[in-house]
Amino acid sequence: MSLWEYANPKKFMDWTAPVLPWVAGSAALCLSVGLIWGFFFTPDDFRQGSTVKIIYLHVPAALMAINAWLMMLVASLIWLVRRHHVSALAAKAAAPVGITMTLIALATGALWGSPIWGTYWEWDPRLTSFLILFLFYLGYMALWSAIEDPDTAADLTSILCLVGSIFAILSRYAAQFWSQGLHQGASLSLDKEKNVSDVFWQPLVITMIGFGLLFLALVLLRTRTEIRMRRIKALHARARRA
Amino acid sequence: MKALLLRDLRLAIRAGGGFGLGLAFFLIVVVLVPFGVGPNADLLSIIAPGILWVAALLAALLSLDRIFALDFEDGSLGLLATSPLPLESVSVIKALAHWITTGLPLCFAAPVLGFLLHLSPDAYAYLILSLLIGTPGLSMIGTFGAALTVGLRRGGLLLSLLVLPLYVPTLIMGADAVRRGADGMAATTPLMLLGVITLGSIAVLPFATAAALRVNLR
């Protein structure tokens, strides 16, 4: 009995079917608790007023935007090394969720930036890195949809994901070199003394867990859909041959 | 290897237009910019480094889909794959041929166009140097993109979508080196980082390119 047995499509469908409602339910719970707490039961910031509350959408979305790409990278590696079809399909399923998270982070950031920085957009390294991440997602998804043969598509997108990851990191540091930042540094970390105050911090962690669970639920759901689509295609092919 | 390089160069020159097309495109893009932003010399000299680099990038992009497409269609790519030469070397040679036919002429044409854009006199050395260092990287990255899309019927547009984000670090470092040169600052750091990107691409991407080619030839 090894972990890899769960990568069998049949087994995957079997174990995800009961797990999925629980994941989705706890995502909904965390998000509603975190967002309601964050929006209605935290004080306004003394300088930013209530605009500070956009943090409960912005930070978790940005977190998941990066982690979605990371998950695609791991899934691509598993596909290239062990050739588990579920892995390739999970990477495919994660891309649209990741690009949506990137867009949410960019849009909420722009809405917050307008009153606080006085501009919707600034060519700041962090903002620029996210825009480039968005372009990488776009290219990745375009390559998936352009290739008909599923195995070829999985192989080529996995290679692109690997190379893209290197260049995404390169672009991030190149952008830092290229322009001075306007975006504040990390204010939520485990190893620093100065963090954001507790009243804002606690609901934020709950929304971050909520976004993580939401991502997991969406990816599981989309992977299940992809597997079913694969099966339908196989059934059609069999029916045509018969 | 030498034979393959010579063959690719001959094909590029004799196939008509391949050699000069990128150069002409570079010229036209640069000439169009003043029409777009107005003939103000101060403004042009400020944006010249960026314009020259962006135009060089687009010109390099233009001829990418030719790298593998013709060989793929007539089956010579399959022959190359079964030849004793590893596909990794083939991809390096293809990138080199692309650089000689596109990147190298750009390096020498760029100063003339810099003159048109009122580029600061201090920046010419850095412009040529940064293009010489950066364009081999552009060719290698582009070869990787071409290998990914070689099996597609209409891969051209997709190719640009895939390759342009990969060009971002090169563009940042290249244009920054020229800008620093124009402002009279030391440009060694961006030039060295540009070299890092190019050498890193040449070290890593042939393997990714060959892997993509093998998938497409399956």
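Author: Before we start, pLDDT is the predictor's confidence in each residue, from 0 to 100. You will need that here, as this is a predicted model.

Reader: OK. Which elements of chain A have the lowest and the highest mean pLDDT?

Author: Helix H5 (residues 150–178) of chain A has the lowest, at 89, and H2(A) has the highest, at 92.

Reader: And what does chain A average over its residues?

Author: Chain A averages a pLDDT of 86, and 91% of the residues score at least 70. Where pLDDT is low, the predicted coordinates should not be read in detail.

Reader: How many helices and strands does chain A have?

Author: Six helices and zero strands. Along the sequence the pattern of chain A reads α-α-α-α-α-α. The C-alpha trace of chain A spans about 70 × 40 × 30 Å along its principal axes.

Reader: Back to H2(A). How does its axis cross that of helix H3 of chain A?

Author: Helix H2 (residues 55–82) and helix H3 (residues 85–116) of chain A have axes that come within 7 Å and cross at roughly 160°. Angles over 145 degrees count as roughly antiparallel, so H2(A) and H3(A) are roughly antiparallel to each other.

Reader: Left-handed or right-handed crossing?

Author: Left-handed, as H2(A) passes H3(A).

Reader: What kinds of residues make up that contact of H2(A) with H3(A)?

Author: There are 22 nonpolar residues, seven polar and no charged in the contact of H2(A) with H3(A).

Reader: New topic. How many residues of chain B are in contact with chain A?

Author: 19 residues of chain B, and they meet 22 residues of chain A.

Reader: Which helices of chain B supply at least two residues of that side?

Author: Four stretches of chain B do so: helix H7 (124–149), helix H8 (156–166), helix H9 (168–182) and helix H10 (188–217). H10(B) gives the most to the side of chain B that touches chain A, with six residues.

Reader: And by class, what is on that side of chain B?

Author: The side of chain B that touches chain A has 18 nonpolar residues, no polar ones and one charged.

Reader: Last thing. Where does UniProt put "transmembrane region" in chain B?

Author: The unreviewed UniProt entry gives that annotation to residues 12–37, 43–64, 96–117, 123–150, 157–178 and 190–213 of chain B.

Reader: What does the model have over residues 96–117 of chain B, helix or strand?

Author: Residues 96–117 of chain B are 95% helix and 0% strand, with the end C-alpha atoms 29 Å apart. Residues 190–213 of chain B are 100% helix and 0% strand, and there the end C-alpha atoms lie 33 Å apart.

Key:
Residues are numbered from 1 along each chain as its sequence is written. Chains are lettered from A and ligands numbered from 1 in the order in which they are written. This is a predicted model: local features need pLDDT of at least 70, side-chain atom pairs count only at pLDDT 80 or more; totals for chains, interfaces and linings use all residues. Two residues are in contact if their C-beta atoms, placed from the backbone, lie within 7 Å. Ala, Val, Leu, Ile, Met, Phe, Trp, Tyr, Cys and Pro count as nonpolar, Asp, Glu, Lys and Arg as charged, and the others, Gly among them, as polar. Axes are lines fitted to C-alpha atoms, for helices over the stretch in contact, and angles run from 0 to 180 degrees between N-to-C directions. Angles under 35 degrees count as roughly parallel, over 145 as roughly antiparallel, 65 to 115 as roughly perpendicular and the rest as oblique. A crossing is left-handed if the near helix is turned anticlockwise from the far one by less than a right angle, and right-handed if clockwise. UniProt positions are given in the numbering used here, feature names are shortened, and annotations may be inferred rather than shown by experiment.
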